[in-house]
Amino acid sequence: MSNAPAGLLYSKSHEWARLEGDQAVIGITAFAQESLGDITYVELPQAGDALAADKEFGSVESVKAASDLVSPVNGEVLEVNAVLEDAPEKCNSDPYGEGWLVRVKLSGTPEGLMDAAAYEAFCATEAH
């Protein structure tokens, strides 16, 4: 069960976005981190890098597998969660809080994302 918090937007590649005015905070969902297992490394872009919706912007590695991170929004990276450099396990222990990945200045309105209820229904169709 992914227990997706309300108030966030979700992608089919299991990233979330919390919209804050003209910015968005992006992370991976509980469903994603549960599927991956213990995360041991996170590769993120740098501040100033451009992100494009549905395009790779980094990766996470776990004891089970490596997985690309796919941006749910278009924008410019304002901040990267530096905590993850030394503590990538925050993606497991607090995926919607301290385990956030990047903060982005949005360029345009995010499209094609799901609310929590739609994401929960989508996850129910995915095999773990």
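Colleague: Which residues does phenylalanine 57 touch, not counting residues up to four places away in sequence?

Modeller: In this predicted model, phenylalanine 57 belongs to the largest nonpolar core, as one of the five residues that touch the most other members. Residues up to four places away in sequence are left out of the list. The residues that phenylalanine 57 touches are then Ile26, Leu44, Pro45, Leu51, Leu69, Val70, Ser71, Leu101 and Val102.

Colleague: Which elements give two or more residues to the largest nonpolar core?

Modeller: This core holds 21 residues, and Val42, Leu44, Leu101 and Val102 are, with Phe57, the members that touch the most others. The elements that each supply two or more residues are β3 (23–28), α1 (30–36), β4 (39–43), β6 (56–62) and β9 (102–106).

Colleague: How many residues does the other core have?

Modeller: Another core lies apart from the largest one. Among the residues of this other core are Ala4, Tyr96, Met114 and Ala116. The number of residues in it is 14.

Colleague: Is glutamine 33 buried or exposed?

Modeller: Glutamine 33 sits in helix α1, and it touches Ile28, Ile39, Cys91, Asn92 and Pro95, with residues up to four places away in sequence not counted. Its relative accessible area is 10%, and the limit for a buried residue is under 20%. Glutamine 33 is therefore buried.

Colleague: Is glycine 112 buried or exposed?

Modeller: Glycine 112 lies in the loop between β9 and α4 (116–125). From leucine 51 it is 61 residues apart in sequence and 16 Å apart in space, C-alpha to C-alpha. Its relative accessibility is 76%, whereas the limit for exposure is over 50%. Glycine 112 therefore counts as exposed.

Colleague: Which residue stands opposite tyrosine 10 in β2?

Modeller: Strands β1 (residues 9–10) and β2 (residues 15–20) run antiparallel and are joined by two bridges. Their hairpin has four residues between the strands, and histidine 14 there takes a positive phi near 75°. Opposite tyrosine 10 stands tryptophan 16.

Colleague: What is the bridge partner of arginine 18 in β3?

Modeller: Strands β2 and β3 run antiparallel, with six bridges between them. In β3, the partner of arginine 18 is valine 25.

Colleague: Which residue takes a positive phi near 65° in the hairpin of β2 and β3?

Modeller: This hairpin has two residues between the strands. The residue with a positive phi near 65° is glycine 21.

Methods:
Residues are numbered from 1 along each chain as its sequence is written. This is a predicted model: local features need pLDDT of at least 70, side-chain atom pairs count only at pLDDT 80 or more; totals for chains, interfaces and linings use all residues. Side-chain values use heavy atoms; hydrogens and water are left out. A nonpolar core is a set of buried Ala, Val, Leu, Ile, Met, Phe, Trp, Tyr and Cys residues joined through side-chain atoms within 4.5 Å. Buried means under 20% relative accessible area, exposed over 50%, partly exposed in between (1.4 Å probe, protein chains only). Contact means heavy atoms within 4.5 Å. Two strands pair if DSSP finds at least two bridges between them.
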